[in-house]
Amino acid sequence: SFQRLVHVKLMSNVSSLVLGTCLGVVGTAVVFYWIVPQRKSQDRSTEVPRQQVAVSTEHMESLDEVIRLLNRCVNDGGCPWTASVTPSEMVGWLSSECMEVQQALGDLPSEVALQKLSLELGDLLFCTLMLIRLVSREHGLQPHLPWVDAVNKVKRRTPYMREWGDGSLATTADHAKALWRAAKQRELDS
């Protein structure tokens, strides 16, 4: 089946972990909300909690524009490079963009580094969306399925979340990771 073929090809690639993480993060962020990163106050002694921010019309217009650009690049008569690139090659580009994001994160907290990080995150987002579109073009994947899968996976693996969980409790990051890993293992075992 297509899913098995893609799974085997991706698992043989070192970038498969990066790809899965990127798809999950991007899908969840776009579908649910944008997160304002946790920041320390000026004196760096107290934490400012993360905040959930509603997706504004401006955010949605930016996302719509990204999708329009992407479709224009991929459709017939679009970008010659995009017409020739394969999903496997795109995974390489995606992996490279993940490394650039990691480098930009290491340069924080300067304002210049934050601008560089924003640019690199934009590249990462575009490459992830491009990969989905290329797999759709080459193999017939319905483009909405990775979004649905990302949402479903996050919900399955975060049972401690009040909005959709089963009442499990995670009071620490380590406990949340343990619950995630346990849910993942149950999925692998079934």
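This note walks through the fold, one helix contact and the charged residues of a predicted model.

1. Overall make-up. The protein has 8 helices and 4 strands. Along the sequence the order is α-α-β-β-β-β-α-α-α-α-α-α. The four strands thus follow a pair of helices and precede the rest.

2. Burial and surface. The protein has 190 residues, and 26% of them are buried. The exposed surface comes to about 12,900 Å². Carbon and sulfur atoms supply 57% of that surface.

3. Contacts along the chain. Take the contacts with a separation of 6 or more. Of these, 53% join residues 24 or more positions apart.

4. Helices α7 and α8. Helix α7 spans residues 145-157, and helix α8 spans residues 173-189. Their axes come within 8 Å and cross at roughly 115°. On the α7 side, V154, R156 and R157 make the contact. On the α8 side, the residues are L179, W180, A183, K184 and E187. By class, the contact holds 4 nonpolar and 4 charged residues, with no polar ones.

5. Salt bridges between α7 and α8. Which residues are linked in a network of salt bridges? They are R156, R157 and E187. The side chains of E187 and R156 meet at 2.8 Å, N to O. E187 lies in helix α8 and R156 in helix α7, so this pair ties together parts that are 31 residues apart in sequence. R157 and E187 also form a salt bridge, at 2.7 Å, N to O. That pair links distant parts of the chain, with R157 in α7 and E187 in α8, 30 residues apart.

6. Exposure within the network. Are the two arginines buried or exposed to some degree? R157 is buried, with a relative accessible area of 7%. R156 counts as partly exposed, at 42%. E187, their partner, is partly exposed too, with a relative accessible area of 25%.

7. A salt bridge inside one helix. The count for the protein is 5 salt bridges. One pair is E65 and R68, whose side chains meet at 2.8 Å, N to O. Both lie in helix α3, residues 57-74. They sit 3 residues apart, about one turn of the helix. E65 is partly exposed, with a relative accessible area of 35%.

8. A buried charge to check. E97 is found in helix α5, residues 87-106. How far away is the nearest side chain of opposite charge? That side chain is K116, 7.5 Å away. E97 is buried yet has no salt bridge. Leaving aside residues up to four places away in sequence, E97 touches E120, D123, L124 and C127.

Conventions: Residues numbered from 1 in each chain as written. Predicted model: local features only at pLDDT ≥ 70, side-chain atom pairs only at ≥ 80, totals over all residues. Heavy atoms only, no water. Axes fitted to C-alpha atoms, helices over the stretch in contact; angles between N-to-C directions. Helix = DSSP H or I, 4+ residues; strand = E, 2+ residues; numbered from the N terminus. Contact = heavy atoms within 4.5 Å. Nonpolar A, V, L, I, M, F, W, Y, C, P; charged D, E, K, R; others polar. Buried < 20%, exposed > 50% of the residue type's maximum accessible area, 1.4 Å probe, protein only. Lys, Arg positive; Asp, Glu negative; His and termini not counted. Salt bridge = Lys/Arg side-chain N within 4 Å of Asp/Glu carboxyl O. Areas by Shrake-Rupley, 256 points an atom, 1.4 Å probe, with all protein chains shown as cover.
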